[in-house]
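Student: I'm new to this structure and I'd like a close look at just one part of it. Could you pick a helix and walk me through its surroundings?

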Amino acid sequence: MNNFNLTTFLTSNLDIDEKEISTMVENCTLKKVKKDEYLLRKGEHCKHTLFVERGVLRQFSIDEKGKEHILSFAPENWFVADRESAYFNQPSVYFIQALEDSQVVLLDETFIQTLSKKIPAFTDFNTKLLHNHIRHLQNRVNLLLGAPAEERYLQFIKMYPDILLRVPQIMIASYLGITPESLSRVRKELARKNST
């Protein structure tokens, strides 16, 4: 497992001085969370974008029948937030939970605005991240609407290559919109194809 931090992430993606960004990042809150601990619950207001330095988070909802629906996973070097809650001041419909002991940086809107003012290149980078996020969500919706389970699973592996063994299979099935039994069949079929 790689160990990232926000300063390294920003300096590796932007042409910025490490000292300057380190000073700004020092003002952010670093939070250590235990496995199964929640960073956001349904009904709360999401006040931060979370940057994962260590561990894995999941963002999910629970329907009226008590079934979980996983929207996304966030391993190291990923951001996660309930954007509707954070940017439109709505109560969240999601939960964000740690799947491992994790370490996250809490980024509020003030930090993002300050970073944009002091480092103009960050605005373009942030816009690119947002568009990339939208692109992945659109692709995911398209897969859920019509792709066979095997194709969804292969896209999951492509999207999250480092977390297959870190996330319970039942959660992967939830993310894919299939039953755990269907996921088991898909994995067996792929193993069979790869062995021939």
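Tutor: Let's take helix α7, whose buried residues pack against β4 (57-62), β5, α5, α6 and α8. Keep in mind as you look around that this is a predicted model.

Start with the helix itself. α7 is mostly covered, with 6 of its 8 residues buried. If you want to find those buried residues on screen, click on M171, I172, A173, S174, Y175 and L176. Just past the end of the helix comes G177, and its phi is positive, near 75°.

Now for the core. The largest nonpolar core has 21 residues, and the ones that touch the most other members are F73, F156, V167 and L176. Two or more residues of this core come from each of β5 (68-74), α6 (149-159), α7 (169-176) and α8 (180-195). The top contributor is our helix: α7 gives the most to this core, namely 5 residues. There is also a second, separate core of 18 residues, and M24, V25, I112 and I119 are among its members.

V167 deserves a stop of its own. You'll find V167 in the loop between α6 and α7. Is V167 buried or exposed? With a relative accessible area of 4%, V167 falls under the 20% cut-off, so it counts as buried. Setting aside residues up to four places away in sequence, V167 touches V56, F73, L99 and I172. Two of those names should ring a bell: F73 is one of the residues that touch the most other core members, and I172 is one of the buried residues of α7. As for L99, it sits 68 residues from V167 along the chain, yet the C-alpha atoms of the two are separated by 7.3 Å.

Next, look at how α7 meets its neighbour α8. The two helices pack at an angle of about 95°, and their axes are 8 Å apart. An angle from 65 to 115 degrees counts as roughly perpendicular, so that is how α7 lies relative to α8. On the α7 side, the residues involved are Q169, I170, I172, A173 and L176, and they meet P180, L183 and R187 in α8. Sorted by class, this contact has 6 nonpolar, 1 polar and 1 charged residues. L176 shows up here as well as among the residues of the largest core that touch the most other members.

For contrast, swing over to α5 and α6, both of which the buried residues of α7 pack against. Helix α5 (residues 120-146) packs with α6 at an angle of about 160°, with the axes 10 Å apart. Angles over 145 degrees count as roughly antiparallel, so α5 and α6 get that label. The crossing of α5 past α6 is left-handed. Here H136, L143 and L144 in α5 meet E151, R152, Q155 and M159 in α6. By class, the contact of α5 with α6 comes out as 3 nonpolar, 2 polar and 2 charged residues.

One last stop, away from our helix: T23, which has its place in helix α2 (residues 18-25). T23 is partly exposed, with a relative accessible area of 48%, whereas V167 is buried. The C-alpha atoms of T23 and T7 are separated by 9.5 Å, and the two residues are 16 apart along the chain.

Methods. Residues numbered from 1 in each chain as written. Predicted model: local features only at pLDDT ≥ 70, side-chain atom pairs only at ≥ 80, totals over all residues. Heavy atoms only, no water. Helix = DSSP H or I, 4+ residues; strand = E, 2+ residues; numbered from the N terminus. Buried < 20%, exposed > 50% of the residue type's maximum accessible area, 1.4 Å probe, protein only. Core = buried A, V, L, I, M, F, W, Y, C linked by side-chain atoms within 4.5 Å. Axes fitted to C-alpha atoms, helices over the stretch in contact; angles between N-to-C directions. Parallel < 35°, antiparallel > 145°, perpendicular 65-115°, else oblique. Left-handed = near helix turned anticlockwise from the far one by under 90°. Contact = heavy atoms within 4.5 Å. Nonpolar A, V, L, I, M, F, W, Y, C, P; charged D, E, K, R; others polar.
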